[in-house]
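I opened this entry to look up a few side chains and write down what surrounds each of them. The notes follow in the order in which I checked them.

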Amino acid sequence: NSGVTGVTIKNIQSGAVQDLAVFGVFVFVGYDVNTQILKQPDGSMLCECDEWNSIKVDLSMKTSVPGLFAAGDVRVQAPKQVVCAAGDGATAALQAIAYLEHH
């Protein structure tokens, strides 16, 4: 009796409009990650990344650069869910503290 009951979809090529009955909507913002801050003057990335510039990390969120950690949607194989990104962030923060305590 409350919430989303449907969406109206418009085909931008044909102009056709269609109503679709649904029980909910998940907002998706895409797969492109913003890791441009890691881009070096020579075009390389500061740490190891995959072909889509997602950052490669281990289970401790450590990158290929000692003392640099990455978490959330910017890392490889991220599930792109806020709850997972929060968990990654907690792991990265604890690992960063441990790193600083030992260096």
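**Thr63 and its surroundings**

I began with the side chain of Thr63: one of its polar atoms lies 2.8 Å from the backbone oxygen of Leu68. The model is a predicted one, and I read the distances here with that in mind. I then found that the Thr63 side chain also reaches the backbone nitrogen of Val65, at 3.1 Å. I placed Thr63 in the loop between E2 and H1.

Is Thr63 buried or exposed? I noted a relative accessible area of 12%. The cut-off for buried is under 20%, so Thr63 is buried. I listed its contacts, leaving out residues up to four places away in sequence: Cys47, Ile55, Lys56, Val57, Leu68, Phe69 and Ala70.

**Asp50**

I turned next to Asp50, which sits in the loop between E2 and H1. Which side chain of opposite charge is nearest to Asp50? I found Lys56, at 7.0 Å. Asp50 is buried and has no salt bridge; the limit for a salt bridge is 4 Å.

I did find a partner for the Asp50 side chain in the backbone: it reaches the nitrogen of Trp52 at 2.9 Å. With residues up to four places away in sequence set aside, I recorded that Asp50 touches Lys56 and Val76. Lys56 also appears in my contact list for Thr63.

**Leu46**

I looked up Leu46, again in the loop between E2 and H1. I noted a relative accessible area of 41% for Leu46, which makes it partly exposed. Its contacts, not counting residues up to four places away in sequence, are Leu38, Gln40, Val65 and Leu68.

I checked the pair Leu46 and Leu68 separately. They are 22 residues apart along the chain, and their C-alpha atoms are separated by 9.7 Å. Leu68 is also the residue whose backbone oxygen I had noted beside the Thr63 side chain.

**The valine patch**

Last, I went to the surface. Which residues form the nonpolar patch there? I wrote down Val4, Val25, Val27 and Val29, with about 410 Å² of accessible area together.

I took Val25 from this patch for a further check. Val25 lies in the loop between strand E2 (17–21) and helix H1 (82–102). I noted its relative accessibility as 48%, so Val25 counts as partly exposed.

Key:
Residues are numbered from 1 along each chain as its sequence is written. This is a predicted model: local features need pLDDT of at least 70, side-chain atom pairs count only at pLDDT 80 or more; totals for chains, interfaces and linings use all residues. Side-chain values use heavy atoms; hydrogens and water are left out. Patches are made of residues with over 30% relative accessible area and no salt bridge: like charges are joined within 9 Å, nonpolar side chains (Val, Leu, Ile, Met, Phe, Trp, Tyr) within 5 Å. Accessible areas come from the Shrake-Rupley method with a 1.4 Å probe; for residues, only the protein chains shown count as cover. Helices (H or I, at least four residues) and strands (E, at least two) are DSSP runs, numbered from the N terminus. Buried means under 20% relative accessible area, exposed over 50%, partly exposed in between (1.4 Å probe, protein chains only). Lys and Arg count as positive and Asp and Glu as negative; His and the chain ends are not counted. A polar contact is a pair of N or O atoms within 3.5 Å; within protein, one must be able to donate a hydrogen and the other to accept it, and residues adjacent in sequence count only if both atoms are side-chain atoms. Contact means heavy atoms within 4.5 Å.
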